[in-house]
Amino acid sequence: GYVVNCFIAYAISHYIAHKAQPSRPKNTDVVADADLIFSVPAYTWLTYLAIMGTSELWDEDYKGHWFGKTDDCVQFAMLYVSVNFVHIFITIAKDQKLDYKILMCLHHALSITCMSAGLYNDRMYFFGVLDGICEFSTLMLTTLFIFKDGLAGQSTLIGHLLVVNGLFLWLSYLVCRLVLFPVWLYIYISEATQHYDETFAVVTPIEKYLYPFANVFLLFLSAHWFKHITKGMLKQLNKNKVKTKNNNLKKVD
């Protein structure tokens, strides 16, 4: 049901993007516009479920972290797999470089494998929702592109929102990825070593090795993206400073 609903949601988003195409610049990728429209509600709900699931299991001991679950955790895992599955097809259809498509498809495939293993084995939901908090930064990136690409229109207000959004994107990448993933690894490794027989010894190889590998992979990938985000943010801030200075000079004249 989740996969079907996600495909329906994307189809509606594609229809909206297609209708908006006449007002968009030439050579606009309708698939990319539709992806942005689709991603706002999808990542908003994923972020909410991740935060709720994490808060519900945070105070539990290792048993709760490795074998506990809540409705929010299960819903997050099912929706996460579905959104990533749909995004594989969206990534292939987008007008982007081949190496980027390969990298993103690998990212989606890795995410689906890890989360599906949790659903199949019905455990380790805490580590899934804890990782899922990183999707807040994806939401911030999505809204940034909506403002930057003119999908929300062009105005002074949009320009200000773009700057604010850029700051939130930078902060969310720092906290929800570059800090979050090492925290995830620390909790996982600590509990796996301190309670080895009850945790690490009884789970599958995917849960033993692919889970931590995925976090290391995402950490390095996020660090790479963070450099570009920082450059983009500084560029936008400098651009706004120049605009403000020019406006002040005009007022003086």
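This is a short talk on the core, the cysteines, the cavity and the pocket of the structure above.

One caveat before we start. The model is predicted.

Let's begin with the core. The largest nonpolar core has 65 residues. Five of them have the most contacts inside it: Phe38, Trp66, Phe76, Val83 and Phe127. Which helix gives the most to this core? Helix α8, residues 156-194, with twelve residues.

Take Trp66 from that list. Leave aside its neighbours within four places in sequence. Trp66 is then in contact with Arg123, Met124 and Phe127. Its contacts also include Tyr188, Glu191 and Ala192. Thr199, Phe200 and Val203 complete the set.

Phe127 brings us to helix α6, residues 125-132. How many of its eight residues are buried? Eight of eight. Here is the roll call: Tyr125, Phe126, Phe127, Gly128, Val129, Leu130, Asp131 and Gly132. Note that Asp131 is on that list of buried residues.

Now the cysteines. The disulfide count comes to zero. Cys114 is in no disulfide. The nearest cysteine sulfur to that of Cys114 belongs to Cys134, 12 Å away. Cys176 is in no disulfide either. For Cys176 the nearest cysteine sulfur is again that of Cys134, at 7.9 Å. The cut-off is a sulfur pair within 2.5 Å, so neither distance qualifies. Are these two cysteines buried or exposed? Cys114 has 12% relative accessibility, so Cys114 counts as buried. Cys176 has a relative accessible area of 11%, so Cys176 is buried too.

Next, the enclosed space. There is one cavity of 30 Å³ or more. Its volume is about 270 Å³. The lining has 22 residues. Closest to the centre are Cys114, Met115, Phe127, Gly128 and Asp131. Some of those names are familiar. Phe127 is also among the core residues with the most contacts. Phe127, Gly128 and Asp131 are buried residues of α6.

Which elements give two or more residues to the cavity lining? They are α4 (71-93), α5 (98-121), α6 and α9 (205-252). The largest share comes from α5, with six residues. By class, the cavity lining divides into 15 nonpolar, five polar and two charged residues.

On to the open space. The largest pocket has a volume of about 1,300 Å³. It is lined by 44 residues. Those closest to its centre are Gln96, Tyr100, Leu141, Thr142 and Phe145. Six helices each supply at least two lining residues: α2, α4, α5, α7 (135-148), α8 and α9. Here α9 gives the largest share, ten residues. The class split is 17 nonpolar, 15 polar and twelve charged.

Last stop, Val40. This residue lies in helix α2, residues 30-57. How far apart are Val40 and Thr143 in sequence and in space? In sequence, 103 residues. In space, 7.3 Å, C-alpha to C-alpha. Val40 touches Leu139, Thr142 and Ile146, not counting residues up to four places away in sequence. One of those partners, Thr142, is also among the residues closest to the pocket centre. Is Val40 itself buried or partly exposed? Partly exposed, because its relative accessible area is 25% and buried means under 20%.

To recap. One core of 65 residues has α8 as its main contributor. The cavity takes its largest lining share from α5, and the pocket takes its largest share from α9. The disulfide count is zero.

Note on methods: Residues are numbered from 1 along each chain as its sequence is written. This is a predicted model: local features need pLDDT of at least 70, side-chain atom pairs count only at pLDDT 80 or more; totals for chains, interfaces and linings use all residues. Side-chain values use heavy atoms; hydrogens and water are left out. A nonpolar core is a set of buried Ala, Val, Leu, Ile, Met, Phe, Trp, Tyr and Cys residues joined through side-chain atoms within 4.5 Å. Buried means under 20% relative accessible area, exposed over 50%, partly exposed in between (1.4 Å probe, protein chains only). Helices (H or I, at least four residues) and strands (E, at least two) are DSSP runs, numbered from the N terminus. Contact means heavy atoms within 4.5 Å. On a 1 Å grid over the protein atoms alone, a cavity is a set of points where a 1.4 Å probe fits but cannot get out, and a pocket is an open set with protein on both sides within 12 Å along at least five of seven lines; lining residues have an atom within 4 Å of a point. Grid points are joined across faces, edges and corners, and a volume is the space filled by probe spheres set on the points. Ala, Val, Leu, Ile, Met, Phe, Trp, Tyr, Cys and Pro count as nonpolar, Asp, Glu, Lys and Arg as charged, and the others, Gly among them, as polar.
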